[in-house]
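Work through the exercises below with the coordinates open beside you, and try each task before reading its solution.

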Amino acid sequence: MKELKGFHHITCFTSDAQKTLDFYTNVLNLHLVKKTITQHDASKYHLYFANQQANFGSVVSFYQASTYDMASMLGNAYEAFSFVVANKEALLYWHQKLQKHDLTVSSIMSLFDYDVFSFVDVNNITIYLFASNKKETTYELLHLGPVFINVLDAPTMHDHLTHHFKFTLANTQDDMKLYTSKTRDLQHQLIVRKLTDNEFIIGKSRIDHVAFLVDDKDDLIELHDALFALGYAHSELLFRTYYYSLYTRLNNYLKIEFANRYPGFHYDEAINNLGNTLSLPEHLEPFREAIASQLKPLTNKKSSSLE
């Protein structure tokens, strides 16, 4: 199977699109780079947030949903995701900043030799910040970092990651195992924790799936054939307007997406105008007025200019 190029995006659920927009733009200082609708319900938003350059690999998206499962299937679930900041100075900046908001913020700790802390966002989702070791300090969230996964059957998850997805077990700390790709940087890491029972509860809002980056559409076609040969349940190749994608679900019910870089978020909007208007797939453009009438207007108090 093709080697994965790190994370493409993370997709979560939210019950409050406006509150999520406010938090991710005004508190985390990310940019709303796409405002569109969910694939299955045109009356619900799908919002994409990213760093200043709108790079895949920095993207977290939210499906707006009114009801969904309160507990994970058989206890297996994505527990948390993370962002990477430049260095310890930047980490301290964010630690102080987030403590000024009405959030649950942990102390700074050492995790797999990285300085990190966690906080809980407005959707009751745990997010970690990892300090990289860059010399030049910038205070923006650079890109996605390690994703935390809870599983009941750790040996089977190990086989999935090492035998089929080309991850390597790099380290162990307490009840957690760190898996990494050949590059060993923070954008290519998963942290797997074995559950001791079947009582893990996700909460009202949750992480739906993780998307891994591949180079191009041909790589997705190759992945499609490999998943079929290996016996994984999978989707067909899908065009998501801003990228092509392919979905699979492991036998522990964890959903994984693979996606390429193209056409990109500027496919239907100028780069300096991303997220300012409602973006729709071409086949839904004739129904724009009807769709817009079902959506509660959102107010973006942060400028979306990426210049």
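The exercises that follow concern a predicted model, and they go from the whole chain to single residues.

**Exercise 1. Overall dimensions**

Task: Decide whether the radius of gyration of the protein agrees or disagrees with that of a compact globule.

Solution: Start from the chain length, which is 307 residues, and apply the globule rule of 2.2 Å times the number of residues to the power 0.38. For 307 residues a compact globule would have a radius of gyration near 19 Å, and because the protein has 19 Å, the two agree. As a further description of the dimensions, the C-alpha trace spans about 55 × 50 × 40 Å along its principal axes.

**Exercise 2. Composition of the fold and its surface**

Task: Describe the secondary structure, the burial, the contacts and the charges of the protein as a whole.

Solution: Begin with the secondary structure, which comes to five helices and 18 strands. Turn next to burial, where 53% of the 307 residues count as buried. Then take the contacts with a separation of 6 or more, of which 67% are between residues 24 or more positions apart. The exposed area is about 14000 Å², and carbon and sulfur atoms supply 49% of it. Finally, the protein has 28 positive and 35 negative side chains, the centres of the two sets lying 3 Å apart.

**Exercise 3. Helix α1 and its two ends**

Task: State which residues of helix α1 are buried, and describe what is found at its start and after it.

Solution: Helix α1 covers residues 17-27, and its buried residues are A17, T20, L21, F23, Y24, T25 and V27. For reading such a list, it helps that an α-helix has 3.6 residues a turn, so residues three or four places apart point the same way. At the start of α1, a side-chain oxygen of D16 reaches to within 3.3 Å of the backbone nitrogen of Q18. At the other side, α1 is followed by N29, whose phi is positive, near 60°.

**Exercise 4. Two histidines in two helices**

Task: For H95 and for H163, determine whether the residue is buried or exposed.

Solution: Place the residues before judging them: H95 is in helix α2, residues 88-99, while H163 is in helix α3, residues 154-164. The cut-offs needed are under 20% relative accessible area for buried and over 50% for exposed. H95 has a relative accessibility of 11% and therefore counts as buried, whereas H163 has a relative accessible area of 58% and is therefore exposed. Looking at the surroundings of H95, and not counting residues up to four places away in sequence, one finds that H95 touches V105, S106, S107, I108 and F117. For H163, the C-alpha atom lies 9.4 Å from that of M1, although the two residues are 162 residues apart along the chain.

**Exercise 5. Backbone geometry in the loops and at strand β18**

Task: Find where A54 and T241 lie, give the sign of phi for each, and then describe the peptide bond from Y262 to P263.

Solution: The background to this exercise is that most residues other than glycine have a negative phi, and most peptide bonds are trans. A54, which is not a glycine, has a positive phi of about 60°; A54 lies in the loop between β3 (45-50) and β4 (59-64), and its relative accessibility of 12% makes it buried. T241 has a positive phi near 70°; T241 lies in the loop between β16 (238-239) and β17 (243-249), and at 12% relative accessibility T241 also counts as buried. The peptide bond from Y262 to P263 is cis, with omega near 10°, and P263 belongs to strand β18, residues 255-263.

**Exercise 6. The surroundings of G264**

Task: Locate G264, classify its burial, and list the residues it touches beyond its sequence neighbours.

Solution: G264 lies in the loop between β18 and α5 (288-294), and at 4% relative accessibility G264 counts as buried. Leaving out residues up to four places away in sequence, G264 touches F56 and Y242. The step back to the preceding exercise is given by T241, which is 23 residues from G264 in sequence and 8.2 Å from G264 in space, C-alpha to C-alpha.

Conventions:
Residues are numbered from 1 along each chain as its sequence is written. This is a predicted model: local features need pLDDT of at least 70, side-chain atom pairs count only at pLDDT 80 or more; totals for chains, interfaces and linings use all residues. Side-chain values use heavy atoms; hydrogens and water are left out. Helices (H or I, at least four residues) and strands (E, at least two) are DSSP runs, numbered from the N terminus. Buried means under 20% relative accessible area, exposed over 50%, partly exposed in between (1.4 Å probe, protein chains only). Contact means heavy atoms within 4.5 Å. Accessible areas come from the Shrake-Rupley method with a 1.4 Å probe; for residues, only the protein chains shown count as cover. Lys and Arg count as positive and Asp and Glu as negative; His and the chain ends are not counted. The place of a charge is taken as NZ of Lys, CZ of Arg, CG of Asp or CD of Glu. A polar contact is a pair of N or O atoms within 3.5 Å; within protein, one must be able to donate a hydrogen and the other to accept it, and residues adjacent in sequence count only if both atoms are side-chain atoms.
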